[in-house]
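I opened this entry to record what I looked up in one model. My topics were empty space, helix packing and backbone geometry.

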Amino acid sequence: DLLIDNFMRFSFSFLAPGRSKIAQLFTFFNSNTLRTKTTSTQGAMETPERGVQDLEAHAAAAWQIFRSMGSPKYHVAPMVDQSELAFRQLCRVYGATCAYSPMFHARLFVEDPKYRAEHFTTCETDRPLMVQFCANEPKTLLSAAKLVEDQCDYVDLNFGCPQRIAKRGNYGAFLMDDLPRVKALVEELYDGLKTPVSVKIRRFDETEKTIAYALMCERAGASVLAIHGRTREQKDASKVRADWDVIKAVKSALKIPVLANGNVQCLEDAEKLMAYTGVDGVLSATPLLENPRLFSGNESVGVVPCDLVLEYLDFVEKHSTPMRMVKGHVHKMLGQWFKEHWDLRDRLNIDLKLDIAKLRQIAIDLKARIVECGRDHAVPKVTPRQQARLDEEEQRQQRIQEAKDEQEREEGAVRALDTATESNGHGSNGHVSNGHVTNGHV
């Protein structure tokens with residue numbers, strides 16, 4: 001059953017006096033006495049307004065849902081091919097209290113059962129769960145969302161992806177150029193689902209515009225809003241810090257729960273972000289891939305990454321996961337140690353028949369080497385291929401220098417000859433001493 005959005009304005013006459021008509025109507029709709037199906041006589045009624053009609057009631061319901069899940073603070077961010085079920089489960093063991101699915105393409109999700117089966121898996125313990133879609137066509141989005149609404153706690157809309165593929169497909173952060181379409185997408189889910197809607201956005205350059213954008217999403221029907229503190233042009237987290245002041249302003253303006261994304265490298269960062277902005281939870285992406293224990297407050301050093309890989313592979317065996325995703329996680333978790341033990345990295349990269357058993361052996365072998373060296377950090381080494389490239393570059397630079405030296409010698413010889421010629425001659429009208437030159441004749 002859905003809350004019907006004020007499509008029976010004539011019904012006000014049946015409502016009791018003493019309360020606002022909007023509040024009474026919202027309560028009346030929420031009593032489960034009305035259904036979404038209309039009779040033939042209702043077909044003549046005016047078209048209902050879309051989105052939220054009573055913002056206070058909507059916010060109260062949003063908070064009730066959020067609190068019923070334990071008011072989760074630590075969220076696994078949506079990551080294509082990386083926030084799959086096995087990894088979500090690993091992160092939940094180490095402090096994550098909610099998780100997003102990877103971003104799914106709504107049209108492919110609807111049209112391709114193979115795509116849907118490979119990319120979306122869940123289980124009873126995979127909750128709270130937010131399933132995320134990218135889309136630009138409301139009806140297609142709703143069709144995709146209906147396929148998962150009974151298996152998640154929120155259906156999430158991605159308005160934050162800044163990658164070129166999102167620009168080509170006209171979705172993600174590039175819908176910031178078409179806010180009426182953003183509004184229509186949120187309203188379509190709000191009106192058509194029984195599961196609450198969440199959105200993930202990025203900020204504009206202007207704080208005021210960002211606030212207006214967030215308020216529009218809230219009014220359209222979002223029950224949770226997550227905001228990234230960087231613009232869509234600011235893709236490199238190592239170069240640009242997320243703007244926590246913009247996040248704080250958005251949190252202050254909205255009535256629904258607000259989550260934040262940006263600059264969360266460790267648990268301390270997460271706590272600082274929540275304390276500074278007042279948000280109700282935080283998301284982490286890349287740092288969590290390198291250290292799935294991030295939300296537990298523990299670092300991933302020494303043999304810990306190897307143990308995490310082995311634990312992750314246990315989840316992979318329980319929940320079928322494409323090997324490309326598994327390899328990606330092993331690379332991320334063991335990446336620092338692979339800089340020293342590059343031969344193990346090569347085993348991961350080159351083996352065309354890689355399986356879980358071989359991945360386990362790589363982690364076990366690496367763990368033994370770490371124990372033997374007695375260090376809790378890697379010391380990067382140059383691989384033979386890297387050394388060959390360095391040698392080749394050194395030889396190239398040497399050839400360049402030799403060419404420069406040869407050119408300088410030639411130029412020096414020419415200058416010396418010119419100087420000798422000028423000093424021996426008396427320099428005008430073609431006359432040269434020791435010879436008789438007139439009009440070109442010697």
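**Cavities**

I looked up the second largest cavity and found about 50 Å³ of space in it. The model is predicted, so that I accepted local features only at pLDDT of at least 70 and side-chain atom pairs only at pLDDT 80 or more, while totals for chains, interfaces and linings use all residues. Residues are numbered from 1 along each chain as its sequence is written, and side-chain values use heavy atoms, with hydrogens and water left out.I noted the search terms as well: on a 1 Å grid over the protein atoms alone, a cavity is a set of points where a 1.4 Å probe fits but cannot get out, a pocket is an open set with protein on both sides within 12 Å along at least five of seven lines, and lining residues have an atom within 4 Å of a point. Grid points are joined across faces, edges and corners, and a volume is the space filled by probe spheres set on the points.

I counted two cavities of 30 Å³ or more in the structure. The lining of the second largest one consists of E84, L85, A86, E118, H119, T121, H319, S320, T321, P322 and M325. Helices α3 and α5 are the elements that give two or more residues to this lining; helices (H or I, at least four residues) and strands (E, at least two) are DSSP runs, numbered from the N terminus. By class, I recorded four nonpolar, five polar and two charged residues in the lining of the second largest cavity. For these classes, Ala, Val, Leu, Ile, Met, Phe, Trp, Tyr, Cys and Pro count as nonpolar, Asp, Glu, Lys and Arg as charged, and the others, Gly among them, as polar.

**Largest pocket**

I then turned to the largest pocket, whose volume is about 1000 Å³. It is lined by 41 residues, of which P78, M79, P162, Q163 and A285 are the closest to its centre. Elements that each supply at least two lining residues include β2 (98-105), α7 (164-169) and α12 (286-290). The lining of this pocket divides into 20 nonpolar, 15 polar and six charged residues.

**Helix packing**

I looked up α3 (residues 85-93) against α13 (residues 304-318): they pack at an angle of about 130 degrees, with their axes 8 Å apart. Axes are lines fitted to C-alpha atoms, for helices over the stretch in contact, and angles run from 0 to 180 degrees between N-to-C directions. The two helices, α3 and α13, are therefore oblique to each other; angles under 35 degrees count as roughly parallel, over 145 as roughly antiparallel, 65 to 115 as roughly perpendicular and the rest as oblique. In their contact (heavy atoms within 4.5 Å), A86, F87, Q89, L90 and V93 of α3 meet L308, E311, Y312, F315 and V316 of α13. I classed the residues of this contact as eight nonpolar, one polar and one charged.

For α13 and α16 (residues 356-373), I noted an angle of about 165 degrees and axes 9 Å apart. This pair, α13 and α16, is therefore roughly antiparallel. Among the contact residues I listed L310 and L313 in α13, and L359 and I364 in α16. The contact of α13 with α16 has 11 nonpolar, no polar and five charged residues.

**Backbone**

Which peptide bond is cis? I found that the bond from R127 to P128 is cis, with omega near 0 degrees, and that P128 lies in the loop between α5 and β3. D81, a residue other than glycine, has a positive phi near 65 degrees and is found in the loop between β1 (74-76) and α3. N170 also has a positive phi, near 55 degrees, and its place is in the loop between α7 and α8 (179-192).
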